[in-house]
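Student: I have a sequence and a model on my screen. How do I read the sheets and a single loop residue?

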Amino acid sequence: MSLPRTRTAQRLDELRESFDSSFSRPPAPQRDPGEALLRLRVGGAPLGVRLGQLSGLHLMPRLVRLPGSPGSLLGLVGLRGQLIAVHDLAAQLGLSSGEPPRWLLLAGGTRRVGLAAAGFEGQLRATGEQMRSGGGSSSAHPLLSTSVLLPDAPPLPVLDVDALVRKLLEEASAPQQGR
């Protein structure tokens, strides 16, 4: 009768020691979780957007077109009590926009900018080893200077949303000529 208690006591001591020593070991090195990207379809081509550069992703709300506006400015949407100018992402990148915009990406800080994309194809994580700056097929446009190397797929160009928002806000703030 005392033998099973000894085994139980020994096992409890082992478990206690293992539990206590787990706090004294240094934490395991963190594996690079990678950067979260949204995979979109713009102008019929896949495009990556860093999730950290966006403040929202919505189905396209009712879009009110503005007469006489530049071609890349699709119009205005009302979202949570705020009017947001929506720009055609395909037109900004020099791509044909054969599909109607179905998704609205929100970017910018206090001055929000809306970017319209035709399709949302999912989310992915890319490690630093998969991200490639410059060169490759993504260097066709200055806003696409980075790409993600994916297995069994061509490189996915990644849009620099912050640079695009700066460009759009500078254009909106510039004095209008010829009016």
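Tutor: We will take the sheets, then one strand, then one residue. Keep in mind that this is a predicted model.

Student: What is the strand order in the six-strand open sheet, and what is the pairing?

Tutor: Read a sheet across its strands, not along the chain. Here the order is β8-β1-β2-β11-β10-β9, and the pairing is mixed.

Student: Which are the edge strands there?

Tutor: Look for strands that pair on one side only. Those are β8 (119–126) and β9 (131–133). From one strand to the next, the twist averages 35 degrees.

Student: What order does the open sheet of five strands have?

Tutor: That one reads β3-β6-β7-β5-β4, again with mixed pairing. Its edges are β3 and β4 (73–79), each paired on one side only. The average twist between one strand and the next is 30 degrees.

Student: In which sense do β6 and β7 pair, and over how many bridges?

Tutor: Check the strand directions, then count bridges. Residues 103–107 of β6 and 113–117 of β7 pair in the antiparallel sense, over five bridges. To find the register, take W103: its bridge partner in β7 is A117.

Student: Which helix lies across β5, β6 and β7?

Tutor: That is α3, residues 161–173. Helix α3 runs at about 120 degrees to β7.

Student: Back to the sheet with β11. How do β10 and β11 pair?

Tutor: Strands β10 (146–148) and β11 (156–159) are antiparallel, with three bridges. Two residue pairs show the register. T146 stands opposite V158, and V148 has L156 as its bridge partner.

Student: And how do β2 and β11 run?

Tutor: They run parallel, joined by two bridges. On this side, V49 is the bridge partner of L159 in β11.

Student: Which way do the residues of β11 point?

Tutor: Start with the general idea. In a regular strand, side chains alternate between the two faces of the sheet. In β11, L156 and V158 point one way, while P157 and L159 point the other way. All four are buried.

Student: Now the loop residue. Where is Q53?

Tutor: Place a loop by its flanking strands. Q53 is in the loop between β2 (45–50) and β3 (56–59).

Student: Is Q53 buried or exposed?

Tutor: Compare its relative accessibility with the cut-off. Q53 is at 16%, so it counts as buried, because buried means under 20%.

Student: What is Q53 in contact with, beyond its neighbours within four places in sequence?

Tutor: Look past the sequence neighbours. Q53 is in contact with A107, L159, D160, V161 and D162. V161 is 108 residues away along the chain, yet the C-alpha atoms of Q53 and V161 are separated by 6.3 Å.

Student: Which side chain makes a polar contact with that of Q53?

Tutor: The side chain of D162 does, at 3.3 Å.

Key: Residues are numbered from 1 along each chain as its sequence is written. This is a predicted model: local features need pLDDT of at least 70, side-chain atom pairs count only at pLDDT 80 or more; totals for chains, interfaces and linings use all residues. Side-chain values use heavy atoms; hydrogens and water are left out. Buried means under 20% relative accessible area, exposed over 50%, partly exposed in between (1.4 Å probe, protein chains only). Contact means heavy atoms within 4.5 Å. A polar contact is a pair of N or O atoms within 3.5 Å; within protein, one must be able to donate a hydrogen and the other to accept it, and residues adjacent in sequence count only if both atoms are side-chain atoms. Two strands pair if DSSP finds at least two bridges between them. Axes are lines fitted to C-alpha atoms, for helices over the stretch in contact, and angles run from 0 to 180 degrees between N-to-C directions.
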